[in-house]
Amino acid sequence: MTRLRSEAHPAKKGIRSTLLGIGANLGMVAIKALAGYFGNSYALIADAIESASDVFTSFIVWIGLRAASKEPDLNHPYGHGKAEPLAAIVVALSLIAAAIFIAIQSVDHILTPHVAPAPFTLIILVIIILVKEGMYRYTNRVGSEIQSAAVKADAWHHRSDAITSLTAAVGIAIALVGGPGYESADDWAALIASAVIVINAYRIFMPAFTEIMDAAPPSNLANEVREIAATVPQVQGLDKCLVRKMGFEYFVDLHIIVDGNLSVREGHDIAHAVKAEVMRQKPSVYDVLIHVEPTYL
C-alpha cells in the first residue's frame with residue numbers, strides 16, 4: 001500500500017506562486033528596462049536582465065513542479081520527484097550565468113565615461129524593492145510549507161532581484177549626490193550585485209544537489225519514524241531506518257524486530273501495522289518498506 005496523491009498535491013501551491021512570480025517579473029522587466037534606458041542607469045538595465053532571467057527560470061520551476069506532481073509509472077516507479085530539485089539546479093546555474101553577464105557589462109560601463117543616472121530612477125527602484133521583497137516572502141513561505149527546493153530557489157530569485165535593486169539605488173544615490181566623477185557608482189553597484197547573485201545561486205544549488213544525490217534528510221524525521229514504529233504492539237526493537245526525499249515526499253526503509261516464533265503471516269501483519277501507523281502520523285511519507293527481523297526469547 002502506498003499513499004494515493006490527492007488533488008491537493010503540494011506542487012499545486014508551488015505552481016500558483018510560480019505563475020504569480022512570472023507575471024510580476026514580466027512587468028518588472030518592462031519597467032526596469034525603460035527606466036534604465038531613459039534614466040541612463042546601467043544598474044537598472046542589469047536589474048532588468050536579472051528579472052528577465054527570473055521569467056525563464058520561473059518557467060523552468062513551473063515545468064519541474066508539474067513533472068514532480070505526476071503519479072509513479074512503469075518507467076518511474078518512485079515517482080517524478082527528482083524533477084523538482086533538478087529544476088532548482090537549473091535555476092542556480094542560470095543565476096550564475098546572469099551574474100557573469102552583468103559583471104562583464106558593469107566593468108565595460110565603469111571603463112566607459114557616461115553621464116549620471118536620472119533622479120527619477122530612485123523612485124522606480126524603491127517601488128521595485130518593496131514589490132520584490134514581498135514576492136520573496138510569499139514564495140519562500142510557500143516553499144517552506146511544501147518543502148520544495150525549486151520554489152525556495154524561485155523565492156531567492158525574487159530576493160536577489162530586491163538586492164540588486166537595493167545596490168542599484170545606493171549606487172545611483174551616490175552618483176547623484178557625488179556629482180561629477182561619481183557617474184559610474186551605479187555600475188559598481190551592478191558589479192556588487194552580481195557577486196550577491198552568485199552567493200544566492202550557491203545557496204540554491206547545494207540543497208538541490210544533495211537531494212539529487214539522495215543525501216539523508218534532517219535526522220529528526222528518521223527519529224520520529226522510529227518513535228512511531230516503536231509504539232506498534234509486538235514490535236520488540238528497531239534496527240535500520242533510512243529516509244530519502246523524492247520531490248515533495250519521503251520514502252522510508254525500516255527494519256523492525258519481532259518475536260522469531262511468530263508465523264510469517266503474523267510478522268507480515270505487524271509490518272503492515274507499522275507502515276500504516278507511520279503513514280497516518282506522517283503525511284509527508286509516501287511509502288514505507290518494512291524488513292522484518294526475528295529475535296528469539
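The questions and answers below deal with the two domains of a predicted model and how they meet.

User: Where does domain 2 lie along the chain?
Analyst: Residues are numbered from 1 along each chain as its sequence is written. In this predicted model, local features need pLDDT of at least 70 and side-chain atom pairs count only at pLDDT 80 or more, while totals for chains, interfaces and linings use all residues, and side-chain values use heavy atoms, without hydrogens and water. The bounds come from an automatic or database domain assignment. Domain 1 covers 10–213, and domain 2 covers 220–294.

User: How many residues of domain 2 are in contact with domain 1?
Analyst: Contact means heavy atoms within 4.5 Å. On the side of domain 1 there are 15 such residues, and domain 2 gives eight.

User: What area is buried between domain 1 and domain 2?
Analyst: Buried area is the accessible area (1.4 Å probe) that two parts lose on being put together, summed over both. Carbon and sulfur atoms give 62% of the area here, and the total is about 1,000 Å².

User: Which residues of domain 1 lose the most area to domain 2?
Analyst: Three residues together make up 50% of what the domain 1 side buries. They are Tyr 78, Gln 147 and Glu 211.

User: How many salt bridges are there between domain 1 and domain 2?
Analyst: A salt bridge is a side-chain nitrogen of Lys or Arg within 4 Å of a carboxyl oxygen of Asp or Glu. Between domain 1 and domain 2 the count is zero.
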